[in-house]
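Reader: I am new to this structure. Could you walk me through it, one question at a time?

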Amino acid sequence: MNRLPDDGPLRVLVARAVFADIIDPLRAVAEVETTPDDAISPPKVLRQRLADKHGAFITGSERIDAALLDACPDLRVISTMTVGVDHIDLAACAERGIIVTHSPDVLTETTADFGFALLLAAARQIGDAERYLRAGKWSKWSVDLFAGADVHGSTLGIVGMGRIGQAIARRAALGFGMRVLYHNRTRLPPQIEAECRAAYRDLPRLLRESDHVLLAMPYSPQAHHLIGAQQIALMRPGATLVNIARGGVVDEAALAAALHSGHLGAAGLDVFEGEPQVHPALLDAPRCVLTPHIASSSMPTRRAMAQLAVDNLMAVLQGRPPLTPVTA
Ligand code: 8YV
């Protein structure tokens, strides 16, 4: 098991440029190597930078695998400023006694706001409409100009009913009078279902019964391309697909084809399989709102995520239990 040294300085890498005032207190407990240019270190460079470190502050852009860990014998704690941990090989960390922490809860409401914003923007074709106006194409009012789908009063199917899924369900049911269905690996206790006014469905049924489907589950190999051509075919003609989970959950070529063919009414995507590359067929798909992985990006929330990541790191480096460890 990797241990902290009894004497000698602790060393930490902050792998990206994050709020200096939040990072600075780390300097009281460790030597801190920062990344002022915000460059993403390629795997080999990340290995070199972490080779002599005891702690790492990372984001979703840094991939932590067994090969990297083998090059970092002193690493004791990895603190990621994300709720999702699919970029970290948790088993490899556990084998080496490396503690992994993440930043849940503080981003739940902001991310739910954004999921809802994407749903509204996609269903009401705000992206296409804005580009049309800016391109000088608006010459007259017409009866069906960007006539999209209604969100209020319709049926929302949420796939992944964790904290963020539940926060979206509350917005949908209480704010927009929607009927809410959900699918999750495990069914929620009845009182949470009642609180969220959400009814459980298996995935095929949820896809068949929903006007809008929103993906909010964690990524795992089992979730890879969970929504492919077959699943999209089950969705209602004119339905909306929103993805704030991870790009790999959706077969992007199949989704683009369903938008081009007109089977799907709209899509709202904040995450992509090859981020920051976007599948070219999505770039020119109609009725599709695309955003650069910003669902948690309000200033107060990004600061709270960074603060929690620092607090976790400090706790472990000072021999205290972490606030929000990742539990496998
Ligand atoms: C992050 C996210 O912004 O927390 C997550 O899992 O996907 C986003 O909130 C992103 O991963 C950057 O670190």
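Reader: How far does a backbone N or O atom of Gly 60 lie from an oxygen atom of the ligand?
Author: This is a predicted model, so the distance is computed from predicted atoms. A backbone N or O atom of Gly 60 faces an oxygen atom of the ligand, and the distance is 3.1 Å.

Reader: How much of the ligand does the protein bury?
Author: Taken alone, the ligand exposes 330 Å². The share of that area buried by the protein is 85%.

Reader: Which residue has a polar backbone atom 2.7 Å from an oxygen atom of the ligand?
Author: Look for a backbone atom here. Arg 246 also has an N or O atom 2.7 Å from a ligand oxygen, but that atom is in its side chain. The backbone atom at 2.7 Å belongs to Val 83.

Reader: How many residues of the shell around the ligand are charged?
Author: The residues around the ligand include Thr 59, Met 81, Leu 107, Ser 296 and Met 305. Arg 246 and Arg 302 are also among them. The shell divides into 4 nonpolar residues, 6 polar ones and, as charged residues, 2.

Reader: Which residue around the ligand has a positive phi near 50° without being glycine?
Author: Start with the loop between strand E12 (288–290) and helix H13 (299–317). The residue sought lies in that loop. It is partly exposed, at 30% relative accessibility. It is also one of the residues around the ligand. Its phi is positive and near 50°, and its name is His 293.

Reader: Where does His 225 lie?
Author: His 225 has a positive phi of about 50°, although it is not a glycine. Its relative accessible area is 29%, so it counts as partly exposed. It lies in the loop between strand E9 (212–215) and helix H10 (229–234).

Reader: Are the faces of E9 covered or open?
Author: Take one side of E9: His 212 and Leu 214 are buried there. On the other side, Val 213 and Leu 215 are buried too. Both faces are covered.

Reader: Which residue in E9 is the bridge partner of Gly 157?
Author: Strand E6 (residues 155–159) runs parallel to E9, and 4 bridges join them. In E9, the partner of Gly 157 is Val 213.

Reader: Which residue in E10 is the bridge partner of His 212?
Author: E9 also pairs with strand E10 (residues 240–243). These two run parallel, joined by 4 bridges. In E10, the partner of His 212 is Thr 240.

Reader: Which residue in E2 is the bridge partner of Val 12?
Author: Strand E1 (residues 11–14) and strand E2 (residues 31–33) run parallel. They are joined by 3 bridges. In E2, the partner of Val 12 is Val 32.

Reader: Which residue in E3 is the bridge partner of Leu 13?
Author: E1 runs parallel to strand E3 (residues 55–58) as well. Here, too, 3 bridges join the strands. In E3, the partner of Leu 13 is Ala 56.

Reader: Is Pro 36 buried or exposed?
Author: Pro 36 is found in the loop between E2 and helix H2 (43–50). Its C-alpha is 7.4 Å from that of Arg 16, and the two are 20 residues apart in sequence. The relative accessible area of Pro 36 is 73%, and the cut-off is over 50%, so Pro 36 is exposed.

Reader: Is Pro 104 buried or exposed?
Author: Pro 104 sits in the loop between strand E5 (99–101) and helix H5 (108–123). Its C-alpha is 9.5 Å from that of Val 326, and the two are 222 residues apart along the chain. The relative accessible area of Pro 104 is 4%, and the cut-off is under 20%, so Pro 104 is buried.

Reader: What is the peptide bond from Glu 275 to Pro 276, cis or trans?
Author: Pro 276 lies in the loop between strand E11 (266–269) and helix H12 (280–283). Omega of the bond from Glu 275 is near 0°, and the bond is cis.

Reader: How many disulfides does a search of the whole structure find?
Author: A disulfide is a covalent bond between the sulfur atoms of two cysteines. Cys 196 is buried, at 1% relative accessible area. Cys 288 is buried as well, at 4%. The number of disulfides found in the whole structure is 0.

Notes:
Residues are numbered from 1 along each chain as its sequence is written. This is a predicted model: local features need pLDDT of at least 70, side-chain atom pairs count only at pLDDT 80 or more; totals for chains, interfaces and linings use all residues. Side-chain values use heavy atoms; hydrogens and water are left out. A residue is near a molecule or strand if one of its heavy atoms lies within 4 Å of it. A polar contact is a pair of N or O atoms within 3.5 Å; within protein, one must be able to donate a hydrogen and the other to accept it, and residues adjacent in sequence count only if both atoms are side-chain atoms. Accessible areas come from the Shrake-Rupley method with a 1.4 Å probe; for residues, only the protein chains shown count as cover. Ala, Val, Leu, Ile, Met, Phe, Trp, Tyr, Cys and Pro count as nonpolar, Asp, Glu, Lys and Arg as charged, and the others, Gly among them, as polar. A disulfide is a pair of cysteine sulfur atoms within 2.5 Å. Buried means under 20% relative accessible area, exposed over 50%, partly exposed in between (1.4 Å probe, protein chains only). Two strands pair if DSSP finds at least two bridges between them.
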